[in-house]
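Visitor: I should like to be taken through this structure step by step, with the reasoning behind each answer.

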Amino acid sequence: MHNTYWNPDNETETSFSALHEDMETDLVIVGGGLSGLLCAWQLRNSGRQLVVLEKNAFLANNSVRNTGKVCALQLPGVSLSPTAAAEYFRLSLQAVDDFEQLIRQAGIDCGWQRQTAVLWAQSEQGRALIRQQRQFLTDNNAQLLCPPTLPSPLDQGEAIALARQGQLDPFRFQKGLLHALKNKVQLYDQTPVVQIGDHELITEGNYRVRFRQLIIATQFPAAEMKQLYSARLQIRRELIGAFHGGGFQDWYLNSADPDAAFSLRSAGSQHDPVILLAAPPHPLCQHPEDPRQQLQQLQQTLIPETSWHQCWSAQDCFSRDALPLIGNRGHRFLLTGYSGWGYTAAMMASRLIAETILDPGRPLPAFLRSDGRGDLFSRFTAENLLDSARGFLGGRSVPEEKQPHQTGMVVRRQGRRYGVVVIDETTELLVDLTCPHLGCPLHYNAMDQTWDCPCHGSRFTLEGKSLTSPSATDLQHYPAVNSLHPHFK
Ligand SMILES: Cc1cc2nc3c(=O)[nH]c(=O)nc-3n(C[C@H](O)[C@H](O)[C@H](O)COP(=O)(O)OP(=O)(O)OC[C@H]3O[C@@H](n4cnc5c(N)ncnc54)[C@H](O)[C@@H]3O)c2cc1C
Ligand code: FES
């Protein structure tokens, strides 16, 4: 995958190791991204033995590939009752403050800054949302400011501005957090969890971990726990571009226009200012073949004075009402569905889960609970299932005349689809293209050079190594074969 602005050399953590034995512990956290590490942070002094199991290397997840805005100015509240919306806003503001406290306490050098968050819209629908949100924020005594003077063409729209939100460098933040946890928590990388039972899980190396409590923090849940997450969560992917130049420093902006949900923030230094522009997220089935075109058009419209530096993609789990899904079945907890607002949502979710673990009499707020949200018969779920069905059926047939002689070719042999990538004249990488999660056919992603699942977002390297959940299993890989291999005859 493309390197990010935050981590240009694609550095990962090499000081950890995989789990190579059976073990027993108080609490296991599956997934060592933002959510998993924040849960570990919240519970680090609880007196429990804590274990984090991460499938890949640390610092190689979606959370180090985002735009690092820590913000309570979102729109999910619009679908809630006034009381629940007020509570969600209070929890979001608290999450922003919690970041500042964590960063200070752990001494993390991640460029943390308080900034003004701007919500902007130009379309009729977007302006209506802005007005609704303004009223809600005023009713809840939010610290609203006069919006900053926006550069053209943003000055054509309507905006609200909330004071004292946050911005950080996501890579440096997560690296600092990982190191702050090192002596308090047992951290294992390269340890995919392939099966989760009631009080025991199994890792890819067939090691068994017995636990009293469990937190699933794998973005797309690593276990369904009878909650039908494949229908209730939609994975959307989005492209971020870094552009040299531009001239705003103390505010960032998100568009509330439903059909143009881009975001802008500043990064870089005074001497070398950079603007990060994130294009609207797309469900995987509708993801454009060349998303760079869309990003370039946006740049030309919004920040034409800047020059192209680099771009990369990331993906997130979206829920029907854009609220996080936080839940538990007894001693097994789960947090996901952040809908593009992972910092505030993950901090809020980890705090709520930690409070419930430490005080089992304290229930999770009903409007955030992953069960009983009435998602199942919604339009969102129906469309999501339709997308998965399209992903399942699409790309199954491969024209017979196609032969594996070019990059990212899909071939069919003996009823199965295989992916072939020609590296050079003598080397081809060959993988089985049936997704290990629920069997959808994988597609070649030319931009990132990965094999991607259009159904629920699993991604694999060209060698078949599993990158993102829900699949924890690698693809069947046939190393060092070429199209003359007996498998292809
Ligand atoms: C383009 C883009 C920009 C964004 N910008 C912002 C922003 O500015 N502000 C904001 O608040 N949010 C933003 N978000 C959202 C935010 O990035 C996500 O919500 C957040 O990263 C999700 O965190 P996570 O910990 O759930 O997932 P991840 O960071 O992906 O972590 C999940 C971890 O679980 C591991 N894992 C998965 N399966 C297994 C398994 N079976 N066994 C062991 N480990 C496993 C994975 O390897 C991974 O390390 C953005 C999202 C996108 C796509
Ligand atoms: S079938 Fe679900 S991610 Fe591939």
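The questions and answers below concern a predicted model.

Visitor: How are the axes of helix α2 and helix α7 oriented to each other?
Guide: The axes of α2 (residues 82-106) and α7 (residues 342-358) come within 8 Å and cross at roughly 95°. Angles of 65 to 115 degrees count as roughly perpendicular. The two helices, α2 and α7, are therefore roughly perpendicular to each other.

Visitor: Into which classes do the residues of the contact of α2 with α7 divide?
Guide: On the α2 side the contact is made by L91, S92, A95, V96, D98 and F99, which meet Y343, T344, M347, M348 and R351 in α7. By class, these residues are seven nonpolar, two polar and two charged.

Visitor: Is F99 buried or exposed?
Guide: F99 is found in helix α2, and apart from neighbours within four places in sequence it is in contact with V70, G166, Y343 and M347. A residue counts as buried if 20 or more other C-beta atoms lie within 10 Å of its own. F99 has 20 such atoms within 10 Å, and is therefore buried.

Visitor: Which element supplies the largest share of the largest nonpolar core?
Guide: This core has 114 residues, of which V28, I29, L277 and I353 touch the most other members. The largest share of the core is ten residues, and they come from α7.

Visitor: Which residues does I353 touch, not counting those up to four places away in sequence?
Guide: I353 is one of the four residues that touch the most other members of the largest nonpolar core. With residues up to four places away in sequence left out, I353 touches C39, I215, I326, F333 and L335.

Visitor: Is L430 buried or exposed?
Guide: L430 lies in strand β21 (residues 428-432), and a second, separate core of 16 residues includes L430 together with Y418, C455 and L475. The cut-off for burial is 20 or more other C-beta atoms within 10 Å. As L430 has 26 C-beta neighbours inside 10 Å, it counts as buried.

Visitor: Which element gives the largest share of the shell around ligand 1?
Guide: Of the 39 residues around ligand 1, G31, G33, S63, N66 and G342 come nearest. At least two residues of the shell are supplied by each of α1 (34-43), β11 (234-244), β16 (307-318) and α7. The largest share is four residues, and it comes from α7.

Visitor: How many residues of the shell around ligand 1 are charged?
Guide: The shell around ligand 1 can be divided by residue class. Its nonpolar residues number 15 and its polar residues 19, while the charged residues number five.

Visitor: Which residue does a cis peptide bond join to S469?
Guide: The bond in question has an omega of about 10°. The residue joined to S469 is placed in the loop between β25 (466-468) and β26 (477-481). This residue is P470.

Visitor: Is N141 buried or exposed?
Guide: N141 is placed in the loop between α3 (124-139) and β5, and its phi is near 55°, a positive value in a residue other than glycine. A residue with 12 or fewer other C-beta atoms within 10 Å counts as exposed. N141 has 8 within 10 Å, so it is exposed.

Methods: Residues numbered from 1 in each chain as written. Chains lettered and ligands numbered in written order. Predicted model: local features only at pLDDT ≥ 70, side-chain atom pairs only at ≥ 80, totals over all residues. Axes fitted to C-alpha atoms, helices over the stretch in contact; angles between N-to-C directions. Parallel < 35°, antiparallel > 145°, perpendicular 65-115°, else oblique. Contact = placed C-beta atoms within 7 Å. Nonpolar A, V, L, I, M, F, W, Y, C, P; charged D, E, K, R; others polar. Core = buried A, V, L, I, M, F, W, Y, C linked by C-beta atoms within 7 Å. Near = placed C-beta within 6 Å.
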